[in-house]
Amino acid sequence: MSIRTIFGPDCPGRCKQGTLATDNRGNKKMNESRSEKELLEINEIIRWIVYGKDLLTPKQMLAALYIRNGETSLLPLEQKFKIKYPLFEVDRNGKVDFRSSEIERYIPLKKTTHDLEDSYSKEAVQAAEVAMVKHFLLTVCPSEVYTKLKFDAYLAQLSKPKGRRINKDEPHTGETKMALTCLDVLTEKTDRKRTRLLTYARKYLINHLSTVDLALADIACKSAVGVLLAKLFTEGSSIDILLHCAESVDDPNLRYKIRRYWLYSNDSVNTILRWFGDSAVTSEITDTATRAWVASVASEAESDEDLMRPAAERMAVHFLQEAHSESFTKDAFLFIAGFVNKVSSALLNQLEILAEP
């Protein structure tokens, strides 16, 4: 399927990246014919295709849209692609992707989506204002000129609110929003839909966070990430989700990978510490105890120890105070031992430094 077929006849075959935004061509028809909710869904799907580390199945994409919008659509996604969202398809591997490999380069970045007219206001022009302008134009313009210049259509367009447009986020904000979705999956109560994205969230949270240049990401998105990051590492239920603390998980290799990810290697921890070191990230954390914990994590020399201490304490509760399978009990002990070893190694290093002449 050609780009002209997907975007409509207004899109010239030779148009370059960005012209869809500046010339109001190409996706203009979809911008005007789709509801705000539909445009929100389109942009969310675009974000997952552009910045996702894996393409999603239709069920996973529905879960992502549910997390974003808080509701589900009655129309199956595959049907929406055929009827309403021709940018997308379910490919031969059963994954949601662009219908054509060329499509992404014709989608404008969000910061360049609105033209000069949009930059003044997103509010619709009032009917009385339109009537006043129309009266003036009819007074000064011959009727044939008024008709030829299609002033009625232009004035009708002014009456519509300038809302959401089809676009893609710039990379650092896009990656931040992807991390935010991962954090939502890991910190909110697990339901049937969120479960579909659990594996993705655990696997790629750090990947999304590490890709972001904090100086370039949207401030509101960063602060939202900060709130959920603090929750992820301090709230027992969130720690359980992050560390696979479920009786049904009986996989020693997976448990080892979790310990390696968070205890035996510093890469993941250092990524979290980098985020907590940004003032915008922590600006919306309001709970006094949590703010004190974040401040400690961000400033102390043993910040990695402080970051993982709540997780180790949570594992200690599982190990000492609750009845679990032998396999899980063993893994809880190994996690605690790994944390203690990490703390001991750091302490020995400090003692060696102090002992140097």
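This is a short guided tour of a predicted model, moving from its core to a few single residues.

Residues are counted from 1 along each chain as its sequence is written. Because the model is predicted, local features need pLDDT of at least 70 and side-chain atom pairs count only at pLDDT 80 or more, while totals for chains, interfaces and linings use all residues, and side-chain values rest on heavy atoms, with hydrogens and water left out.

**The largest core**

Begin by selecting Phe88, Phe233, Leu243, Trp262 and Leu307, which touch the most other members of the largest nonpolar core, a set of 75 residues. A nonpolar core is here a set of buried Ala, Val, Leu, Ile, Met, Phe, Trp, Tyr and Cys residues joined through side-chain atoms within 4.5 Å; buried means under 20% relative accessible area, exposed over 50%, and partly exposed in between, with a 1.4 Å probe and protein chains only. Add helix α4 (residues 36-51), which gives the most to this core, with eight residues; helices (H or I, at least four residues) and strands (E, at least two) are DSSP runs numbered from the N terminus. Domain 1 (30-106) and domain 3 (171-354) both contribute residues, so the core lies between them, the domain bounds coming from an automatic or database domain assignment. A second, separate core of six residues can be found by selecting Val130, Leu137, Tyr146 and Leu155, which are among its members.

**Phe88 and its rings**

Return to Phe88 and show what surrounds it: not counting residues up to four places away in sequence, Phe88 touches Ile42, Ile45, Ile46, Ile49, Phe81, Asp97, Phe98 and Arg99, where contact means heavy atoms within 4.5 Å. The whole structure holds nine aromatic pairs, counted when ring centres of Phe, Tyr and Trp (its six-membered ring) lie within 6.5 Å, with planes under 30 degrees apart called stacked, over 60 edge-to-face and the rest tilted. One of them is the tilted pair of Phe81 and Phe88, at 5.6 Å centre to centre and 55° between the planes, and both Phe81 and Phe88 are buried. Phe88 also forms a stacked pair with Phe98, at 6.0 Å centre to centre and 25° between the planes. This pair links distant parts of the chain, since Phe88 is in strand β1 (residues 88-90) and Phe98 in strand β2 (residues 96-98), 10 residues apart.

For another group of rings, select Trp48, Tyr200 and Tyr204, which ring pairs link into a cluster.

**Helix α5**

Next select helix α5 (residues 58-69), whose buried residues are Pro58, Gln60, Met61, Ala63, Ala64, Leu65 and Ile67. These buried residues are covered by elements including α4, α6 (77-83), β1, β2, α11 (171-187) and α12 (192-195). Just after α5 comes Gly70, with a positive phi near 80°.

**Helix α20 and a loop**

Move on to helix α20 (residues 303-321), where Glu305 lies; Glu305 counts as buried because its relative accessibility is 16%. Leaving aside neighbours within four places in sequence, Glu305 is in contact with Phe339 and Val343. Arg309 is found in α20 too, and Arg309 is partly exposed, with a relative accessible area of 32%. Arg309 lies 9.5 Å from Ile336, C-alpha to C-alpha, with their positions 27 residues apart in sequence.

Finish at His244 in the loop between α15 (236-242) and α16 (252-264), where His244 has a positive phi of about 60° although it is not a glycine.
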